[in-house]
Amino acid sequence: MEGPTPVSALIHAATMVTAGVFLVVRCSYIYELNNNILLFVALIGGFTCFFSSIIGAFQFDIKKIVAYSTCSQLGYMFFSSGLSNYYIGFFHLFNHAFFKALLFLSMGSIIHALFDEQDFRKMGGLIRLLPFTYVMVLIGSLALMGFPFLTGFYSKDFLLELVYSRFGINSKFFFFFRVNGCFFYSFLFNEVIVLSFFSKTKFL
């Protein structure tokens with residue numbers, strides 16, 4: 001996460017990190033020949049989603065937080081592909097590119113405004129200094145959390161609904177991982193918004 005924020009936005013949102021998901025979707029006809037491979041892909045995706053959200057919850061660098069949420073979302077896409085829902089995984093890949101680029105560019109705006117400070121514990125009161133950035137961070141965070149009527153809601157809700165409707169112990173296990181992953185990074189982004197924009201000013 002040492003690169004410039006626009007580069008991070010490009011890499012994490014739409015190009016490098018999503019190439020693996022695109023490869024799995026394109027090679028879906030091969031994966032469908034073996035159920036054990038599909039189960040393995042779903043397990044890796046479920047664990048990645050869950051543990052990345054936990055690791056992100058203990059970060060204080062705002063760029064690292066967004067980066068770990070990208071790892072969690074990638075786990076979500078692999079998890080979807082492992083359950084043979086390739087179209088939902090690709091749909092979420094497309095949605096994710098937009099709100100993740102918005103979040104990275106918004107975090108870059110905060111970092112530049114505070115002279116390269118990235119620790120959100122040292123921020124506060126930014127809603128007066130950066131009101132437009134606050135609106136963008138709020139929209140991106142709500143889309144990431146799956147707030148109704150935003151893009152993240154449609155792909156996430158669709159997948160969770162399909163997983164829960166399957167009759168099998170594996171489906172309930174994956175559903176548990178996904179819901180808990182959602183909880184952790186929803187909590188995390190609420191913490192970032194409150195401490196960065198609404199807490200007592202610390203940078204003056």
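Q: How do you know whether the radius of gyration of the protein chain agrees with a compact globule?
A: This is a predicted model, and the check is a comparison of two values. A compact globule of 204 residues would have a radius of gyration near 17 Å, and the protein chain has 17 Å, so the two agree. As for its extent, the C-alpha trace spans about 60 × 30 × 30 Å along the principal axes.

Q: What makes up the secondary structure of the protein chain?
A: Helices, with no strands: the count is ten helices and zero strands. Walk along the sequence and you read α-α-α-α-α-α-α-α-α-α.

Q: What share of the contacts in the protein chain with a separation of 6 or more comes from residues 24 or more positions apart?
A: That share is 77%. Burial is a separate tally: 48% of the 204 residues are buried.

Q: Which atoms does the accessible surface of the protein chain belong to?
A: Carbon and sulfur atoms hold 73% of a surface of about 10200 Å². On the charge side, there are 13 positive and 9 negative side chains, and the centres of the two sets lie 2 Å apart.

Q: Why is Cys49 called buried or exposed?
A: Buried means under 20% relative accessible area. Cys49 comes in at 2%, so it counts as buried.

Q: And Cys27, why does it get the label it has?
A: Its relative accessible area is 22%, so Cys27 is partly exposed. That label covers values between the 20% and 50% cut-offs.

Q: How many disulfides does a search of the whole structure find?
A: Zero. To be counted, a pair of cysteine sulfur atoms has to be within 2.5 Å.

Q: What makes Ser196 buried or exposed?
A: Ser196 has 1% relative accessibility, and therefore counts as buried. Ser196 is in helix α10, residues 169-198. Leaving out residues up to four places away in sequence, Ser196 touches Phe120, Met123, Gly124, Gly125 and Leu126.

Q: How do you know which accessibility class Thr151 belongs to?
A: Its relative accessibility is 37%, so Thr151 counts as partly exposed. Thr151 lies in helix α9, which covers residues 151-165.

Q: Which residues does Thr151 touch, not counting those up to four places away in sequence?
A: Asn95, Phe99 and Ala143. A contact here takes heavy atoms within 4.5 Å. Phe51 makes another reference point: 100 residues along the chain from Thr151, with 24 Å between the two C-alpha atoms.

Q: What is the sign of phi for Ser84, and what is its value?
A: Positive, near 65°, in a residue other than glycine. Why point that out? Because most residues other than glycine have a negative phi. Ser84 sits in the loop between α5 (62-82) and α6 (86-113). At 26% relative accessibility, Ser84 counts as partly exposed.

Q: What is the phi of Asp116, which is not a glycine?
A: About 70°, again a positive value. Asp116 is in the loop between α6 and α7, the latter being residues 126-129.

Q: Why is Asp116 called buried or exposed?
A: Exposed means over 50% relative accessible area. Asp116 has 55%, so it is exposed.

Terms used:
Residues are numbered from 1 along each chain as its sequence is written. This is a predicted model: local features need pLDDT of at least 70, side-chain atom pairs count only at pLDDT 80 or more; totals for chains, interfaces and linings use all residues. Side-chain values use heavy atoms; hydrogens and water are left out. Helices (H or I, at least four residues) and strands (E, at least two) are DSSP runs, numbered from the N terminus. The radius of gyration is taken over C-alpha atoms; the globule rule is 2.2 Å times the number of residues to the power 0.38. Buried means under 20% relative accessible area, exposed over 50%, partly exposed in between (1.4 Å probe, protein chains only). Accessible areas come from the Shrake-Rupley method with a 1.4 Å probe; for residues, only the protein chains shown count as cover. Lys and Arg count as positive and Asp and Glu as negative; His and the chain ends are not counted. The place of a charge is taken as NZ of Lys, CZ of Arg, CG of Asp or CD of Glu.
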